[in-house]
Amino acid sequence: MCAADEAIKGLLDEHFPLYIWQNIWQTGSGTQSNMNVNEVLSNRAIQLLGGKIGSKEPVHPNDDVNMGQSSNDTFPTAVHIAAVMELEEHLLPHAEALAAAIEAKANEWMDIVKTGRTHLMDAVPLTVGQEWSGWAYQLRDSLDRLSASEAGLFERAAGGTAVDTGLNAPPGFRREIAEKIAELTGYPFVTAPNKFAAQGSFGAVVAAMAAVRGLAVALMKIANDMRWSASGPRCGLGELLLPENGLLDHAEQGQPDPAGGDGHGLHPGDRRGQCHRLRLQPGEFRAQRDAPDHHSAR
Amino acid sequence: MIGYDKASAIAHKANDEDLTLKEAALASGNIDEKRFDEIVDPKKMVGHGLAGS
């Protein structure tokens with residue numbers, strides 16, 4: 001346990017040379033990283049107990065550290081825990097804050113009339129607040145779908161062991177480890193009702209990524225509309241004046257650099273790229289672009 | 001408990017010498033026939049349907 005605490009604190013980081021997603025010395029199930037943990041914990045425990053490193057005595061990496069686990073159940077479990085924590089502690093609160101800020105601006109500017117645009121051409125009027133309320137709602141909508149996708153992530157595979165039958169795990173292990181992880185993380189993790197599905201596929205993760213992609217599309221739409229609205233300062237639309245943020249363009253004196261919007265646009269593109277490279281470029285302002293061929297494969 | 005290392009040596013021996021797992025396990029002297037037959041029974045090893053072992 002002392003050895004595990006040291007590893008969690010990062011004191012043993014130099015002993016984990018395997019990089020999970022980009023290393024060729026790794027199976028798709030993460031066996032090498034799993035054994036890396038078992039070996040490091042066993043050797044550190046041996047060291048703490050005054051034994052000889054590599055002797056497997058008195059703490060054996062398989063029999064005493066790994067015990068009733070398999071990378072086939074621990075990795076999906078770890079991915080689910082990491083995904084829930086990232087969503088709950090980073091993505092959801094930050095996106096909520098953005099939605100709230102946009103809502104506040106929508107209310108503030110509800111009566112300011114502007115030109116509507118479809119296909120970048122002048123169209124009938126609407127208010128700035130109406131437009132911004134749409135962005136806020138898009139975000140809220142995406143966040144609802146993201147929260148709904150968490151239900152699948154709360155179901156964990158641990159306890160299924162190598163082929164999902166639970167062979168070699170002690171009786172009750174799958175339920176007890178789910179309860180313990182729920183207690184340690186504060187999130188309602190439960191043991192998956194069917195380990196054969198939970199270990200055999202990443203369905204819940206795929207669903208969560210689809211929801212993340214939905215949010216990315218909303219962010220991209222908002223970022224692009226904001227950039228168009230703020231284009232200029234002299235020869236563009238010039239509807240929005242971006243605050244000066246110190247990121248003045250070095251080549252063009254005095255031009256506020258729309259780095260916020262650009263970064264905003266790039267990041268969702270990155271997320272979308274990781275999700276099967278689907279073509280979901282939203283249109284500008286009030287009209288969808290590409291609507292007829294949204295589903296065409298590239 | 002026979003443990004990972006001995007179980008692994010038995011599996012390797014069986015593979016290398018074209019023996020059954022039972023032959024290799026008994027030859028290792030780590031387990032007797034009665035105990036081997038109790039443990040290595042595929043019907044027991046698959047657990048209880050969806051409930052696991």
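## Where the confidence drops

Start with the shaky part: in residues 293-298 of chain A the pLDDT stays under 50, and the model gives this stretch eight contacts beyond four places in sequence. This is a predicted model, so keep those scores in mind when you pick regions to work with.Across chain A as a whole the average pLDDT is 83, and 81% of the residues score at least 70.

Within chain A, helix 5 (residues 128-153) has the highest confidence, at 95, while helix 9 (residues 259-274) has the lowest, at a mean of 50. Residues 247-254 of chain A also fall below 50, with eight contacts in the model beyond near neighbours in sequence.

## The two chains

Let's look at chain A. Its elements are nine helices and four strands. Reading from the N terminus, they go α-α-α-α-β-β-α-β-α-β-α-α-α. Chain A has 298 residues, and 38% of them count as buried. If you take the contacts in chain A between residues at least 6 apart in sequence, 62% of them link residues at least 24 apart.

Chain B has four helices and zero strands, which gives the order α-α-α-α from the N terminus on. There are 53 residues in chain B, and buried ones make up 17% of them. The C-alpha trace of chain B spans about 35 × 20 × 20 Å along its principal axes.

## Where A meets B

On the contact count, twelve residues of chain A touch eleven residues of chain B. The size of an interface is often given as the accessible area lost when the parts come together. For chain A and chain B that comes to about 930 Å², with 48% of it on carbon and sulfur atoms. On the chain A side, the residues losing the most area to chain B are A:Asp63, A:Thr165 and A:Leu167, which together account for 44% of what that side buries.

What about charge and polarity? Between chain A and chain B the count is one salt bridge. The rule also finds three residue pairs in polar contact across this interface, with both residues at pLDDT 80 or more. As for the make-up of the chain A side that touches chain B, it divides into three nonpolar, six polar and three charged residues.

## A:Lys56 and its loop

Which side chain does A:Lys56 meet in a salt bridge? The partner is B:Asp5, at 3.1 Å from N to O. A:Lys56 sits in the loop between helix 2 and helix 3 of chain A. Its backbone deserves a look too: phi of A:Lys56 is near 65°, a positive value in a residue other than glycine. A:Lys56 counts as partly exposed because its relative accessible area is 32%, with the class running from 20% to 50%.

A little further along that loop comes a cis peptide bond, running from A:Glu57 to A:Pro58, with omega near 0°. A:Pro58 lies in the loop between helix 2 (31-48) and helix 3 (61-66) of chain A.

## Another cis bond, another positive phi

Chain A has a cis peptide bond between A:Gly232 and A:Pro233 as well, where omega is about 15°. A:Pro233 is in the loop between helix 8 (203-229) and helix 9 of chain A.

Over in chain B, the residue to check is B:Asp18, which has a positive phi of about 55° although it is not a glycine. You'll find B:Asp18 in the loop between helix 1 (4-16) and helix 2 (21-28) of chain B. Is B:Asp18 buried or exposed? B:Asp18 counts as exposed, because its relative accessibility is 72% and the class starts over 50%.

## A charged residue under cover

Back in chain A, A:Glu6 belongs to helix 1 (residues 2-9). A:Glu6 has a relative accessible area of 16%, so it counts as buried, the cut-off being under 20%. Which residues does A:Glu6 touch, not counting those up to four places away in sequence? They are A:Leu11, A:Leu12, A:Arg44 and A:Leu48.

Note on methods:
Residues are numbered from 1 along each chain as its sequence is written. Chains are lettered from A and ligands numbered from 1 in the order in which they are written. Side-chain values use heavy atoms; hydrogens and water are left out. Contact means heavy atoms within 4.5 Å. Buried area is the accessible area (1.4 Å probe) that two parts lose on being put together, summed over both. A salt bridge is a side-chain nitrogen of Lys or Arg within 4 Å of a carboxyl oxygen of Asp or Glu. A polar contact is a pair of N or O atoms within 3.5 Å; within protein, one must be able to donate a hydrogen and the other to accept it, and residues adjacent in sequence count only if both atoms are side-chain atoms. Ala, Val, Leu, Ile, Met, Phe, Trp, Tyr, Cys and Pro count as nonpolar, Asp, Glu, Lys and Arg as charged, and the others, Gly among them, as polar. Helices (H or I, at least four residues) and strands (E, at least two) are DSSP runs, numbered from the N terminus. Buried means under 20% relative accessible area, exposed over 50%, partly exposed in between (1.4 Å probe, protein chains only). pLDDT is the predictor's confidence in each residue, from 0 to 100.
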